[in-house]
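This report describes the internal packing of one protein chain. The sequence and the structure are shown first, and the description follows.

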Amino acid sequence: MLTRRQFFGSIGGLSALGVSTAAYGVGVEPMRLRIKRYHPMPRQWPADFPLRIVVLADLHACDPWMSLERIEGIVERTNALNADIVVLLGDYVAGHRRVTRFIPANEWAAVLAQLKAPLGVHAVMGNHDYWDDKIVQRAGQGATVAHRALEAAGIPVYENDAVRMTKDGRPFWLAGLGDQLAYMPARRFRAVPRVGIDDLNATLAKVTDDAPVILLAHEPNIAPRVPSRVALQLSGHTHGGQVRLLGWVPALPGDVVKLAYGHVRLKCDVIVSGGLGCSILPVRVGVPPEIVLVTLGRTPPAVS
């Protein structure tokens with residue numbers, strides 16, 4: 001299992017790219033925000049069943065990099081997309097220590113509670129949400145502070161669970177995987193063989209009919225194991241490498257770049273968001289923060 005600590009272990013080498021690039025990577029690109037659109041055509045998803053999904057990943061709430069005001073702006077732009085459903089893919093807490101304030105979970109959760117969609121807002125946890133919760137880490141079990149804050153704000157959190165949903169009388173399943181690195185200590189130089197709480201088989205066992213399945217999984221690592229029963233996997237975690245220069249991703253080994261960002265087709269279609277915040281260092285180059293809009297099925301023609 002590849003951790004994000006390993007992903008970003010070499011990110012300090014950014015200085016070799018020059019002072020101006022580093023200044024841009026710290027002061028400009030992390031503050032940008034774009035809408036990234038995908039229109040995959042999964043084999044398992046009916047072509048005549050349109051569904052619009054907004055994906056928000058890796059918020060990493062903290063001052064000054066991801067302030068409450070900035071989160072409010074993300075919520076406003078998300079709501080303006082008028083999607084059918086919004087999914088949150090984990091890592092809500094700060095991912096590094098270079099901050100002026102760690103924003104309490106109840107504060108950022110209250111802002112996310114303003115997200116609106118006809119089919120609701122749904123969430124999974126990320127590794128940092130577990131690593132940051134020392135009580136849960138010591139106990140080796142339990143709902144994290146982030147988990148409890150989201151549910152208190154009215155946003156359901158899925159942990160190896162699935163729910164059957166319908167749009168215009170058409171059913172589909174939304175499944176949420178437990179985090180794959182939940183109890184992996186955040187240690188950069190020494191691997192510790194701790195396990196996550198993900199259970200793919202148990203999650204999919206809760207799917208009780210042949211309606212198409214959308215899987216939420218914070219880390220994309222699980223993708224090679226996801227069966228063709230799933231139409232679409234949505235993931236975050238990698239931040240797209242956080243630094244990408246002409247296709248070169250210095251913080252990622254070559255064998256994992258394929259699942260680091262964008263749309264990949266395996267047994268199911270996989271879309272990996274570049275995320276919103278930063279981890280390890282508040283740096284982005286070539287991977288601006290993004291809200292992801294995924295459109296499934298054909299959009300019906302406008303009625304004149």
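In which strand is the place of Gln 233? Gln 233 lies in strand β10, which covers residues 232-235.

## Basis and overall content

The model is predicted. The protein contains 8 helices and 13 strands. Of its 304 residues, 57% are buried. Among the contacts between residues at least 6 apart in sequence, 76% join residues that are at least 24 apart.

## Two buried glutamines

Gln 233 has a relative accessibility of 0%. Because buried means under 20% relative accessible area, Gln 233 counts as buried. Leaving aside residues up to four places away in sequence, Gln 233 touches Leu 215, Ala 217, Glu 219, Pro 220, Ile 222, Ala 223 and Val 226, and also Cys 268, Asp 269, Val 270 and Ile 271.

A second glutamine, Gln 137, belongs to helix α6, residues 134-139. Gln 137 is likewise buried, at a relative accessible area of 15%. From Gln 137 to Ala 182 the separation in sequence is 45 residues, while their C-alpha atoms are 8.3 Å apart in space.

## The nonpolar cores

The largest nonpolar core comprises 38 residues. Ile 71, Leu 88, Tyr 92, Trp 108, Leu 112 and Leu 150 have the most contacts inside this core. Two or more residues come from each of the strands β2 (51-56), β4 (85-88), β6 (121-123) and β13 (290-296), and from each of the helices α3 (68-80), α4 (105-112) and α7 (145-152). The greatest contribution is that of α4, which gives 5 residues.

Ile 71 touches Leu 59, Ala 61, Met 66, Trp 108, Val 111 and Leu 112, when residues up to four places away in sequence are not counted. Apart from the largest core lies another one, of 26 residues, which includes Leu 51, Tyr 158, Leu 216 and Leu 234.

## Packing of α3 against α4

The axes of α3 and α4 are 9 Å apart and form an angle of about 25°. Helix α3 is therefore roughly parallel to α4, since angles under 35 degrees count as roughly parallel. The crossing of α3 with α4 is right-handed.

On the α3 side, the contact is made by Leu 68, Ile 71, Glu 72 and Val 75; on the α4 side, by Glu 107, Trp 108, Val 111 and Leu 112. These contact residues divide into 6 nonpolar and 2 charged, with no polar residue. Ile 71 and Trp 108, which take part in this contact, are also among the residues with the most contacts inside the largest core.

## Packing of α4 against α7

Which helices have axes that come within 9 Å and cross at roughly 40°? They are α4 and α7. At this angle α4 is oblique to α7. The crossing of α4 and α7 is right-handed.

Helix α4 contributes Ala 105, Asn 106, Trp 108, Ala 109 and Leu 112 to the contact, and α7 contributes Val 145, Ala 146, Ala 149 and Leu 150. The residues of this contact comprise 8 nonpolar and 1 polar, with no charged residue.

## The place of α4

Helix α4 packs with α3 and makes a contact with α7. Trp 108 and Leu 112 of α4 take part in the contact with α3, and Trp 108 and Leu 112 also appear in the contact with α7. Trp 108 and Leu 112 are both touched by Ile 71.

Conventions. Residues are numbered from 1 along each chain as its sequence is written. This is a predicted model: local features need pLDDT of at least 70, side-chain atom pairs count only at pLDDT 80 or more; totals for chains, interfaces and linings use all residues. Side-chain values use heavy atoms; hydrogens and water are left out. A nonpolar core is a set of buried Ala, Val, Leu, Ile, Met, Phe, Trp, Tyr and Cys residues joined through side-chain atoms within 4.5 Å. Buried means under 20% relative accessible area, exposed over 50%, partly exposed in between (1.4 Å probe, protein chains only). Helices (H or I, at least four residues) and strands (E, at least two) are DSSP runs, numbered from the N terminus. Contact means heavy atoms within 4.5 Å. Axes are lines fitted to C-alpha atoms, for helices over the stretch in contact, and angles run from 0 to 180 degrees between N-to-C directions. Angles under 35 degrees count as roughly parallel, over 145 as roughly antiparallel, 65 to 115 as roughly perpendicular and the rest as oblique. A crossing is left-handed if the near helix is turned anticlockwise from the far one by less than a right angle, and right-handed if clockwise. Ala, Val, Leu, Ile, Met, Phe, Trp, Tyr, Cys and Pro count as nonpolar, Asp, Glu, Lys and Arg as charged, and the others, Gly among them, as polar.
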